[in-house]
Every structure is written in structure tokens, then in C-alpha cells.
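Work through the exercises below with the sequence and the model in view. Each task is followed by a solution in steps.

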Amino acid sequence: MADSGFSLRMATADDADFLTDMLVAAVNWNPAQTAVSRDRVLEDCLSAHYVEGWPRPGDLGVVAVEAGGRPIGAAWLRQFGHDDPGYGFVAGDVPELSVGVVAAWRGKGVGRALLTDVARHATERGIARICLSVERANRARDLYVAEGFTTVASGPDADTMIRVLGDGPSAETSPSEG
Ligand SMILES: CC(C)(COP(=O)(O)OP(=O)(O)OC[C@H]1O[C@@H](n2cnc3c(N)ncnc32)[C@H](O)[C@@H]1OP(=O)(O)O)[C@@H](O)C(=O)NCCC(=O)NCCS
């Protein structure tokens, strides 16, 4: 463990509950809005499918843990199809990123480390591009831009962003192409 006070490891099946916690944190990113309960998040198919059945074949995740092993953040990738797209769906071969850090650890480099590491593992797997959806008012967007994501589609409040990994094709490719 470095001076940062946390280390990273691959997510396993035992992390399903923690990933759900981080999904709930991501849904509730805006403290000015009434929080959505964990049960409500899991009832909502469009949210729940980011963690349902974790891990599915093809899933890839990284967990940050503090000294003692308690998880403090996670970033994970899941591939969605045209028939069950995520909010940031781009194409059937572009996995979508989810990320969350527990409140007490935000702003200390955990999120950036998770994004870097999950991208490294994805590159090693031969994944060419990863995508995400972020509400434009969320400060997370600045982190994504700093980590090499570019906007490829915009809705009224949210952007779809892509990061090209390794020698993958340009992010300028149309979001509907696959
Ligand atoms: C977004 C999130 C994962 C970033 O992780 P983090 O560990 O706080 O981020 P880092 O410390 O590695 O990087 C800091 C950068 O992240 C961004 N950031 C986003 N939310 C932040 C927060 N609450 N506190 C500090 N920085 C935040 C800023 O761009 C910041 O850069 P700056 O310090 O130069 O302003 C984390 O804040 C979080 O879990 N937020 C709530 C859930 C969420 O929004 N998930 C993403 C949904 S798309």
C-alpha cells in the first residue's frame, strides 16, 4: 500500500454488494436531490442491470481498499446489448463504466486511480473503447475529461463519453456504429 492509504485489487463475486453500494452512490451523486434508496435503485431495471448477476462473463472491475481491506471505491465495466442498453450505450462491443467512491474518501485520488487501473486491465483484455454516461452538472465529468474521455453524444442533462484504449479506433466514430 502506497502513501495514499489505499490499494487496488480486482473485483470478485464477493464484491457484488459493495458494487451495489457504489451504484447507489452514483445514482445519488447530487446531494441537492432526494436520495434514492438502495431498494428503489435495485427495483429500477435500468439502474439494477449495472450490477445484476455480478460477475457476468466479460465483466471487469477494480476495487480500492483501505488498510485493513475495507472497500472504499470501485470501477467496473459491463457490456450491454442493443436490446438492453445502459444509459451510456454506444455499441455492443463498447463496455460501459460505472464508478463510485465512499463519501469519506472522495477527492483523495481514489477515483482517478480506479479509472486508470480499470482502463489498463481493459486494454490488456483487448478492449478498444469504453463508454459512460454522466450528468453534465456532476463534477465527475471533469475527472472523465482529465482521464481521456470525450463526449460523443449529448442529451438535455447528460453526456455520453468514450475513451479510446490502446490503439483503438478514434473516439470520433459515430456512437451508433459498432
Ligand atoms: C466521481 C468520483 C468517483 C470521483 O472519485 P474521487 O476519488 O472523488 O476523485 P479523485 O480524488 O480521484 O479525483 C478528483 C477529481 O474528481 C472530480 N470530482 C468529482 N466529484 C468529486 C468530489 N465529490 N470531490 C472531489 N473531487 C471530485 C474532480 O474533477 C476532481 O478533480 P479536482 O480535484 O482537480 O477538482 C467520486 O467523487 C464519487 O463517487 N462521486 C459520487 C458518485 C458519482 O458521481 N459517480 C459517477 C457517476 S457518473
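The exercises treat a predicted model and deal with ring pairs, a ligand site and some single residues.

**Exercise 1. Classify the ring pair of Y50 and F80, and state which parts of the chain the pair ties together.**

Solution.
- Step 1. The structure holds four aromatic pairs, and Y50 with F80 is one of them.
- Step 2. The ring centres of Y50 and F80 are 5.1 Å apart, and the planes meet at 70°. An angle over 60 degrees counts as edge-to-face, so the pair of Y50 and F80 is edge-to-face.
- Step 3. Y50 belongs to the loop between α3 (45-48) and β2 (60-66), while F80 belongs to the loop between β3 (71-78) and β4 (96-101). The pair therefore ties together parts that are 30 residues apart in sequence.

**Exercise 2. Classify the ring pair of Y50 and Y87, and locate its two members.**

Solution.
- Step 1. The centres of the Y50 and Y87 rings are 6.5 Å apart, and ring centres within 6.5 Å count as a pair.
- Step 2. The planes of Y50 and Y87 are at 5°. Planes under 30 degrees apart count as stacked, so this pair is stacked.
- Step 3. Y50 is in the loop between α3 and β2, and Y87 is in the loop between β3 and β4, so the pair ties together parts 37 residues apart in sequence.
- Step 4. Taken together, ring pairs join Y50, F80 and Y87 into a cluster.

**Exercise 3. Decide for Y50, F80, Y87 and D39 whether each is buried, partly exposed or exposed.**

Solution.
- Step 1. The cut-offs are under 20% relative accessible area for buried and over 50% for exposed, with partly exposed in between.
- Step 2. Y50 has a relative accessible area of 5%, so Y50 is buried. F80 is at 3% and is therefore also buried.
- Step 3. Y87 has a relative accessible area of 48%, so Y87 is partly exposed.
- Step 4. D39, in helix α2 (residues 38-43), has 54% relative accessibility and so counts as exposed.

**Exercise 4. Where is D59, and with which side chain does D59 make a polar contact?**

Solution.
- Step 1. D59 lies in the loop between α3 and β2.
- Step 2. The relative accessible area of D59 is 9%, so D59 is buried.
- Step 3. The D59 side chain makes a polar contact of 2.7 Å with the side chain of R78.

**Exercise 5. Describe the surroundings of the ligand and the part played by backbone and side-chain atoms at its oxygen atoms.**

Solution.
- Step 1. There are 21 residues around the ligand, and V101, G107, G109, G111 and R112 come nearest.
- Step 2. On the backbone side, a polar atom of G107 is 2.8 Å from a ligand oxygen atom, and a backbone N or O atom of K108 is 3.0 Å from a ligand oxygen atom.
- Step 3. On the side-chain side, a polar atom of N138 is 2.9 Å from an oxygen atom of the ligand.
- Step 4. The ligand on its own has 850 Å² of accessible area, and the protein covers 77% of this.
- Step 5. K108 has a further contact: its charged end sits over the ring of W105, 5.5 Å from the ring centre.

**Exercise 6. Which residues does UniProt list for the N-acetyltransferase domain, and what is the helix and strand content of the span?**

Solution.
- Step 1. The unreviewed UniProt entry lists residues 6-166 for "domain: N-acetyltransferase".
- Step 2. Residues 6-166 are 27% helix and 28% strand, and the end C-alpha atoms of the span lie 26 Å apart.

Key. Residues numbered from 1 in each chain as written. Predicted model: local features only at pLDDT ≥ 70, side-chain atom pairs only at ≥ 80, totals over all residues. Heavy atoms only, no water. Phe/Tyr/Trp six-rings, centres within 6.5 Å; stacked < 30°, edge-to-face > 60°. Helix = DSSP H or I, 4+ residues; strand = E, 2+ residues; numbered from the N terminus. Buried < 20%, exposed > 50% of the residue type's maximum accessible area, 1.4 Å probe, protein only. Lys NZ or Arg CZ within 6 Å of the ring centre and 35° of its normal. UniProt positions renumbered as here; feature names shortened; annotations may be inferred. Near = heavy atom within 4 Å. Polar contact = N/O pair within 3.5 Å; in protein donor to acceptor, adjacent residues only side chain to side chain. Areas by Shrake-Rupley, 256 points an atom, 1.4 Å probe, with all protein chains shown as cover.
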